[in-house]
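Thanks for coming. I will go through one model today, strands to begin with, then cavities, then the core.

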Amino acid sequence: MVELSVTGAGATVLANLNRGDGDGRSDGHPSRGLVYATNATSTALEDLQLTVGEGPCLDAFESGGPVLVADLAAEQARWPAFATGATALGAAAVFSFPLQIGVVRLGSLDLYRDAAGPLTRTEVTDALILTDLATEQIIEQIDGHAVADLSWLADAHIEVHQAAGMVQVQLGVTTEHALMRLRGYAFTHDLTMAEVARQVVERSLRFEPEPEPK
């Protein structure tokens with residue numbers, strides 16, 4: 001039996017968008033679709049990482065190894081925006097494990113705890129088992145889809161990718177720059193990326209090119 005002393009968990013599929021500046025190069029920015037979350041806080045933590053562009057989920061995906069943070073309050077220098085926001089949401093410790101098959105990374109399994117403290121060695125082993133099980137389930141769901149195709153995900157985060165495409169056209173910029181503009185607007189207006197994306201998709205919010213310096 002797999003047992004973990006954590007408060008919540010979420011599984012997220014990540015992929016590098018291949019839409020760039022028209023020369024075929026990837027912009028390297030990971031897109032995200034939330035597959036499953038055990039509670040509202042887990043969902044909010046995933047959305048926070050998408051909004052601020054940093055956190056254990058992204059680090060685990062990029063490094064291919066577990067990211068184990070027993071005391072989130074001590075990670076202000078590592079993730080200044082995420083650590084502050086996650087602590088406010090009630091997370092005191094976070095643990096992320098990459099979902100991968102061989103060298104192919106699909107996303108991450110993200111766990112959080114409302115009290116600081118490390119996972120035991122047995123709990124880390126159980127989390128790795130759970131990660132393998134989650135990977136198998138995701139592979140079954142994406143059968144017939146390209147890894148970068150997140151259209152099968154029934155998740156609000158997909159709207160973010162749609163909004164990024166719209167902003168890319170509005171501004172005539174790369175997808176990476178469009179996501180940066182969305183993230184900046186969300187941060188300065190104290191909104192989530194999902195809320196900003198919804199406004200863009202509903203066409204109640206439109207981005208205009210920045211005026212050229214005189």
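Which residue in β5 is the bridge partner of Pro98? The bridge partner of Pro98 in β5 is Ser108.

Some ground rules. This is a predicted model, with local features needing pLDDT of at least 70 and side-chain atom pairs counted only at pLDDT 80 or more, while totals for chains, interfaces and linings use all residues. Residues are numbered from 1 along each chain as its sequence is written, and side-chain values use heavy atoms, with hydrogens and water left out.

Back to the strands. Helices and strands here are DSSP runs numbered from the N terminus, H or I of at least four residues for helices and E of at least two for strands. Two strands pair if DSSP finds at least two bridges between them. Strand β4, residues 93-101, runs antiparallel to strand β5, residues 104-113, and 9 bridges join the two. Their hairpin has 2 residues between the strands, and Gly102 there takes a positive phi near 65°. β4 also pairs with strand β3, residues 67-69, in the antiparallel sense over 3 bridges. In that pairing, Val67 has Ser96 of β4 as its bridge partner.

Why is β4 described as largely enclosed by the rest of the structure? Because 7 of its 9 residues are buried, meaning under 20% relative accessible area with a 1.4 Å probe, protein chains only.

Next, cavities. A cavity is a set of points, on a 1 Å grid over the protein atoms alone, where a 1.4 Å probe fits but cannot get out; lining residues have an atom within 4 Å of a point. Grid points are joined across faces, edges and corners, and a volume is the space filled by probe spheres set on the points. The structure holds 2 cavities of 30 Å³ or more, and the largest has a volume of about 80 Å³. Its lining includes Ala9, Ser42, Phe82, Val94 and Tyr112. β1 (8-16), α1 (40-52) and β5 each supply at least two lining residues, with the largest share, 4 residues, coming from α1.

Last, the largest nonpolar core. Such a core is a set of buried Ala, Val, Leu, Ile, Met, Phe, Trp, Tyr and Cys residues joined through side-chain atoms within 4.5 Å. Of its 18 residues, Val167, Leu182, Met193, Val200 and Phe207 touch the most other members. α5 (158-171), α6 (175-188) and α7 (193-201) each give two or more residues to this core, and α5 gives the largest share, 6 residues.

Conventions:
Buried < 20%, exposed > 50% of the residue type's maximum accessible area, 1.4 Å probe, protein only. 1 Å grid on protein atoms, 1.4 Å probe; cavity = no way out; pocket = protein on both sides within 12 Å on 5 of 7 lines; lining within 4 Å.
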